[in-house]
Amino acid sequence: MPGPHALADRHEAVVIGAGVAGIHQIKELTDRGIDAVVIESGADLGGTWFWNRYPGARFDSESYSYGYSWATEILETWHWKEHFSGQPENLRYLQTVADTYDLRRFMHFDCHVESLVWNDDATEWTVTLTDGRTIRTPIVITAIGLLTVPTPPRYPGVERFTGRSFHTHDWPAEPLDLSELRVAVIGTGATGIQVIGEIQDKVAELHVFQRRPNWSAPLNNAPISPAEMDEIRDRYDEIFEVCARTPGGFVHEPDRRGFWEVTEAERFELWDRLYDEPGFAIWLQNFVEIFIDEEANRIFSDYIAERIRQRVDDPTVAEKLIPTDHGFGYQRVPMETNYFEAYNRPNVHLVDVSETPIVEITETGIATTDAHREFDLIVYATGFDAITGAFDKIHVEGVDGVTLRDKWRDDPATFMGVMTHGFPNLLMVAGPQSGNASTNFPRGIETGVAWLTGLLDHARAHGITRIEATEEAERAWVDHVKQMYEMMLLRKAKGWFTGYNSNVEGHEEGTMRHLIYNGGSPKYQAKLDAITESGYEGVTLTGPRH
Ligand code: NAP
């Protein structure tokens, strides 16, 4: 096996990030004999699945729909043990892929990119690492993930707390005995809901600090037996085909009957069935109207609210757990396991911080307007600076010294989520406004990586050295992205999809950022294909200067 690929002062391509996207991208580049390296800030590969080790961290996509479709040796042998596999196995899967295809030798860990500076005369980027090393390269490909920059709250006193505290993203790798601990969890998004479901019966006391409740429904996870896995292996082609034709790249296809065409009894029959089915069935095998028609969504949300009331013993607590500011499925639905039942336990307490806000973190606990509670451990499940956050951490300087941070300050602007005008040869896998972001991630990633790699093949075949989206094409794409937001009830949700984050300056309430493309994967794929067929309309491709 060849030894590690040294980090030189020049490479033909630099990929940033060794998560799901970076692993696939480096495979494609090095298969073509391109001298490329991956720069990764973590101590190992895996991205999201390397970092997020909190109890309960697991897929919301069916495990068998998550693997790379090109990693056929692994598809033939890998046994997913659960329908929705947990973090340790997910990380092991990615490590196995990297080892099987001998990709680690191109990866450099514990390397933090400080800046990317474009030199238009030399047609190359200078990548500077925080340890001072620099790499010159004509092509930078970002594979820096969607939710990689954790955002702890900005309460006074956070640093004063003398017990243990961390954001879920930084949950320690070593085992943590919770059995004697008084634990606080702040945040009830998808992460908080997973943590709470998992630790409720493993802690001495648990206080959940909830600002706004989220809609959530049962994951209905189950083990996969060897016989079932054999049967799944036989169906991989079909599984990937289904994913390719659904808007989010999942195995769930919508119910094509019109919401208003069926009777109320037929709706209830569908919902009763879906509530007990695995994963996103309850969300994505539903009537399409729940995404776009406020009244249809309200009727369905009322149904889910009733299911919550049936599961929570204390009616006052149940009402607090039912969202009133948005409908079910406006945004990606947190999937739960025994989440609502947690509140029936004597050791679990809900603190509604919309009524009694957190004032400060003290040396020993959390002070709200009505009480001070003492804790041994505070867990911040307070979310991420989504998508643009990872770009903002790097000083990216394009043509004429313009920085990406300035360009995207109010709202990002990209062409297809793969490039941005003024930053030539900066290619993005699942960048802002791409159709790959809110999908079953590997399915979306395969679309993005295939398209970008095709573009690089084209450039190499035609002696093209400079690739840049035109301003007009970018404007048209941004307009289209905004139109798609207008069509979806999602626009009314206050969450990361709309760029809201109370812990990030400038992203607080009242701001709206267009971070993803909501047109669905098939439509996005068709648009990418059309661009390729047109000879890359919307992209200025130029050869070397003479
Ligand atoms: P999130 O959805 O942004 O939720 C953050 C939670 O923290 C919200 O309940 C928020 O309340 C609360 N919060 C934030 N700042 C707070 C503050 N200062 N004081 C009190 N509460 C505060 O973040 P997340 O749960 O980490 O999930 C992010 C995304 O990651 C999800 O949408 C999903 O796409 C993905 N994810 C997926 C899985 C999976 O199953 N595979 C698991 C976890 C996450 P407000 O709503 O009031 O702001």
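Let me start with R58: one of its backbone N or O atoms sits 3.1 Å from a nitrogen atom of the ligand. Keep in mind that this is a predicted model.

Two more polar contacts involve side chains. In Q194, a side-chain N or O atom is 3.1 Å from an oxygen atom of the ligand. In Y500, a polar side-chain atom lies 3.4 Å from a ligand oxygen atom. As for cover, the ligand on its own exposes 920 Å², and the protein buries 86% of that.

Now the shell as a whole. How many residues surround the ligand? There are 25, and the closest are Y155, T191, R211, R212 and W496. By type, the shell splits into 11 nonpolar residues, nine polar ones and five charged ones. Which element gives the largest share of that shell? That is helix α5, residues 190–199, with three residues.

Next topic, T96. This residue is in helix α4, which runs over residues 87–100. Is T96 buried, partly exposed or exposed? Its relative accessibility is 26%, and buried would require under 20% while exposed would require over 50%, so T96 counts as partly exposed. Leaving aside residues up to four places away in sequence, T96 touches I74 and W78.

One distance to finish on T96. Between T96 and P357 there are 46 Å in space, taken C-alpha to C-alpha, and the two are 261 residues apart in sequence.

To recap the polar contacts with the ligand: R58 uses a backbone atom at 3.1 Å, Q194 a side-chain atom at 3.1 Å, and Y500 a side-chain atom at 3.4 Å.

Notes:
Residues are numbered from 1 along each chain as its sequence is written. This is a predicted model: local features need pLDDT of at least 70, side-chain atom pairs count only at pLDDT 80 or more; totals for chains, interfaces and linings use all residues. Side-chain values use heavy atoms; hydrogens and water are left out. Helices (H or I, at least four residues) and strands (E, at least two) are DSSP runs, numbered from the N terminus. Buried means under 20% relative accessible area, exposed over 50%, partly exposed in between (1.4 Å probe, protein chains only). Contact means heavy atoms within 4.5 Å. A residue is near a molecule or strand if one of its heavy atoms lies within 4 Å of it. A polar contact is a pair of N or O atoms within 3.5 Å; within protein, one must be able to donate a hydrogen and the other to accept it, and residues adjacent in sequence count only if both atoms are side-chain atoms. Accessible areas come from the Shrake-Rupley method with a 1.4 Å probe; for residues, only the protein chains shown count as cover. Ala, Val, Leu, Ile, Met, Phe, Trp, Tyr, Cys and Pro count as nonpolar, Asp, Glu, Lys and Arg as charged, and the others, Gly among them, as polar.
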